[in-house]
Amino acid sequence: MKPDLFEAPDYYNLDDLLNDEHKLVRDAARQWVKRDVSPIIEEYAQKAEFPKQIIGGLAEIGAFGPYIPEEYGGAGLDQISYGLIMQEIERGDSGVRSTASVQSSLVMYPIYTYGTEEQRKKYLPKLASGEWMGCFGLTEPNHGSNPGGMETKYEDKGDHFLLNGAKLWISNSPFADVAVVWAKNEEGRIHGLIVERGMEGFSTPETHNKWSLRASATGELVFNDVKVPKENLLPGKSGLGAPLGCLDSARYGISWGAIGAAMDCYDTALRYAKERIQFGKPIAATQLQQKKLAEMITEITKAQLLAFRLGQLKNEGRATTAQISMAKRNNVEMAINIAREARQVLGGMGITGEYSIMRHMMNLESVITYEGTHDIHLLITGMDITGHAAFK
């Protein structure tokens with residue numbers, strides 16, 4: 001088991017822009033990742049298993065609903081703190097960040113934002129503590145980039161709703177206690193429903209044989225005449241804008257998280273290049289390796305500035321969906337390119353589990369697709385600047 005020697009790059013002294021709370025939150029998450037994630041994550045990725053023992057630690061560092069008010073069990077932090085926590089967790093592993101991201105932005109956020117006071121008090125404290133874990137049901141077997149075409153439906157049966165359909169590629173589903181599920185009513189209007197494990201007809205088969213996010217649990221949500229109590233409907237917002245609002249929060253977190261994966265790849269490549277001797281000198285002394293490393297730190301720095309400014313806009317309530325899409329798309333592309341370049345710096349050693357790079361590279365192949373594909377985010381920016389939708 002190799003020690004975690006990670007040192008975070010900060011080429012433009014961005015720490016100077018953070019307040020004391022930001023640094024405390026970030027450093028606590030960083031130390032937790034070094035102590036509880038890095039020593040075990042390669043083993044769990046190799047055996048394609050989520051390390052459930054870290055759930056308590058995620059809760060302790062405030063990774064579950066960090067921006068949810070303290071009265072509901074959250075940490076009451078700002079959006080930059082949320083981003084920094086996601087950055088540090090994804091530095092450890094994208095799959096672990098996915099677990100926290102789903103719990104925070106796709107389960108706790110809609111319950112807090114669209115739910116009733118009774119729903120907030122019932123679910124949020126247990127989700128914040130990790131006693132309950134949640135998942136988010138939007139993507140379907142036949143509907144990914146076009147979620148408005150969903151086929152999952154529910155009918156009003158008087159004293160309850162009857163839910164039928166299926167969701168696919170759902171992080172946390174195999175062990176989730178609750179699911180925030182998006183379905184159409186008889187009029188075709190999309191609403192959110194809270195579905196609890198144990199409801200008759202509700203099952204969560206696990207997805208196997210993944211080459212990516214191997215340390216994250218992925219599965220399906222299957223609804224076969226599931227009776228959902230009427231008080232489990234999220235009444236605050238309906239239509240496609242409701243789940244997309246959740247995705248804005250999740251995509252924002254990803255824009256920070258991807259920086260963490262890139263930082264880890266860069267730090268690993270830099271340390272290796274300084275230590276690897278070829279032709280009588282470290283490979284870090286060669287022009288081609290310096291080019292790779294200099295471009296990596298440049299792109300990381302640009303992504304840090306993009307995410308920080310977006311965090312400021314989020315704190316002010318001014319961040320737009322298009323701005324969030326730009327950051328998600330740019331920063332994930334940056335991270336996956338750095339992972340590929342860093343792997344080359346390590347040569348053959350880069351494909352082994354002795355280093356984190358290949359695992360990050362495989363994980364990022366999912367991150368560049370989920371929460372809106374790379375191409376869809378490009379079209380969101382295109383629509384924003386031209387006024388024309390090119391999705392069809």
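Colleague: Which residue forms a salt bridge with Arg318?
Modeller: This is a predicted model, so every value here is computed from it. In it, the closest N and O atoms of the pair are 2.7 Å apart. A salt bridge needs these atoms within 4 Å, so the pair qualifies. The partner of Arg318 is Glu316.

Colleague: Is Arg318 buried, partly exposed or exposed?
Modeller: Its relative accessibility is 47%. Buried means under 20% and exposed means over 50%, so 47% falls in between. Arg318 is therefore partly exposed.

Colleague: And its partner Glu316, what is its relative accessible area?
Modeller: Glu316 also has to be placed between the two cut-offs, under 20% for buried and over 50% for exposed. It counts as partly exposed. Its relative accessible area is 45%.

Colleague: How many salt bridges does a search of the whole structure find?
Modeller: The bridge between Arg318 and Glu316 is one example. Another pairs Lys47 with Glu43. The search of the whole structure gives a total of 21.

Colleague: Which residues are linked with Arg91 in a network of salt bridges?
Modeller: Arg91 can supply the side-chain nitrogen, because a salt bridge takes that atom from Lys or Arg. The carboxyl oxygen comes from Asp or Glu. The network joins Arg91 to Asp4 and Asp264.

Colleague: How far apart are the closest N and O atoms of Lys47 and Glu43?
Modeller: Both residues can be reached from outside: Lys47 is partly exposed at 39%, and Glu43 is partly exposed at 47%. Their side chains form a salt bridge. The closest N and O atoms are 3.4 Å apart.

Colleague: Which glutamate forms a salt bridge with Lys47 at 3.8 Å?
Modeller: Glu43 is not the one, as its distance to Lys47 is 3.4 Å. The residue we want is partly exposed, with 37% relative accessibility. The bridge at 3.8 Å is made by Glu49.

Colleague: How far apart in space are the C-alpha atoms of Lys47 and Arg214?
Modeller: Lys47 sits in the loop between helix 1 (20–46) and helix 2 (55–60). Arg214 is 167 residues away along the chain. In space, their C-alpha atoms are separated by 7.7 Å.

Colleague: What is the angle between helix 4 and helix 9?
Modeller: Helix 4 covers residues 94–114, and helix 9 covers residues 357–367. The two pack with their axes 9 Å apart. The contact uses Ser94, Gly95 and Arg97 of helix 4, and Asn363, Leu364 and Val367 of helix 9. The packing angle is about 35°.

Colleague: How many residues of that contact are nonpolar?
Modeller: Go through the classes. Of the residues in the contact, 1 is charged and 3 are polar. The nonpolar ones number 2.

Colleague: Is Leu106 buried or exposed?
Modeller: Leu106 lies in helix 4. Away from its sequence neighbours, Leu106 is in contact with residues including Phe136, Val180, Leu247 and Ala250. Its relative accessible area is 3%, and the cut-off is under 20%, so Leu106 is buried.

Colleague: How far apart in space are Leu106 and Asn224?
Modeller: In sequence, 118 residues separate them. In space, C-alpha to C-alpha, the distance is 23 Å.

Colleague: What is the area of the nonpolar surface patch that includes Leu305?
Modeller: Leu305 lies in helix 7 (residues 287–315). Patch residues need over 30% relative accessible area, and Leu305 has 37%, so it passes. Tyr11 and Tyr12 complete the patch. Its area is about 380 Å².

Colleague: What is phi of Asp225?
Modeller: Asp225 is found in strand 7 (residues 218–229). It is partly exposed, at 42%. Its phi is positive although it is not a glycine. The value is about 55°.

Colleague: Where is Phe279?
Modeller: Phe279 has a positive phi too, near 55°. At 85% relative accessibility, over the 50% cut-off, it counts as exposed. Its place is the loop between strand 9 (277–278) and strand 10 (281–282).

Colleague: Which residues does Ser238 touch, leaving out those up to four places away in sequence?
Modeller: Ser238 is in the loop between strand 8 (233–234) and helix 6 (241–275). At 23%, Ser238 is partly exposed. Those it touches are Arg189, Ile190 and His191.

Definitions and conventions
Residues numbered from 1 in each chain as written. Predicted model: local features only at pLDDT ≥ 70, side-chain atom pairs only at ≥ 80, totals over all residues. Heavy atoms only, no water. Axes fitted to C-alpha atoms, helices over the stretch in contact; angles between N-to-C directions. Helix = DSSP H or I, 4+ residues; strand = E, 2+ residues; numbered from the N terminus. Contact = heavy atoms within 4.5 Å. Nonpolar A, V, L, I, M, F, W, Y, C, P; charged D, E, K, R; others polar. Patch = residues over 30% accessible without salt bridge, like charges linked within 9 Å, V, L, I, M, F, W, Y side chains within 5 Å. Areas by Shrake-Rupley, 256 points an atom, 1.4 Å probe, with all protein chains shown as cover. Buried < 20%, exposed > 50% of the residue type's maximum accessible area, 1.4 Å probe, protein only.
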